[in-house]
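Hi there,

Here is the structure I promised to pass on. Please have a look at it first, and then read on for what turned up.

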Amino acid sequence: MGDLLKEVRQAAEAKPRKPKIQQILESLDPADRKDLEAAFKDPSIPTSAIVNVLKSRGIHITGNPVRAWRNGL
């Protein structure tokens, strides 16, 4: 068996990663996590504002996963 096939099989068996938003939420302290969860649920806060604040804190994310998370709430 070649190395490429081994790599493909390992990738297929790998555990799925947690969604980026879930990873971010789990990395925050409880107060910040609560605030971010509230921001996700607040329709008056634009997605771009959430993204910009996260980026200012060194958390790089685009609007797409934030929108998808908000739509799933």
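One pairing to begin with: Lys 18 and Glu 26 form a salt bridge, with their closest N and O atoms 2.8 Å apart. Please keep in mind that this is a predicted model. Lys 18 counts as partly exposed because its relative accessibility is 43%, and Glu 26 falls in the partly exposed class too, at 40%.

That pair is one of three salt bridges in the structure. Another brings together the side chains of Asp 32 and Arg 57, at 3.1 Å from N to O. This contact links distant parts of the chain, 25 residues apart: Asp 32 sits in helix H3 (residues 30-41), while Arg 57 lies in the loop between helix H4 (47-56) and helix H5 (63-71). How exposed are the two partners? Asp 32 has a relative accessible area of 23%, so it is partly exposed, whereas Arg 57, with 53%, is exposed. The cut-off that matters for Arg 57 is 50%, because exposed means over that value.

Helix H3 also holds a salt bridge of its own, between the side chains of Arg 33 and Glu 37. Here the N to O distance is 3.1 Å. Why can these two be described as about one helical turn apart? Because they are four residues apart in helix H3. Arg 33 is partly exposed, with a relative accessible area of 31%, and Glu 37 is partly exposed as well, with 29%.

Happy viewing, and do write back with any questions.

Best wishes

Definitions and conventions:
Residues numbered from 1 in each chain as written. Predicted model: local features only at pLDDT ≥ 70, side-chain atom pairs only at ≥ 80, totals over all residues. Heavy atoms only, no water. Salt bridge = Lys/Arg side-chain N within 4 Å of Asp/Glu carboxyl O. Buried < 20%, exposed > 50% of the residue type's maximum accessible area, 1.4 Å probe, protein only.
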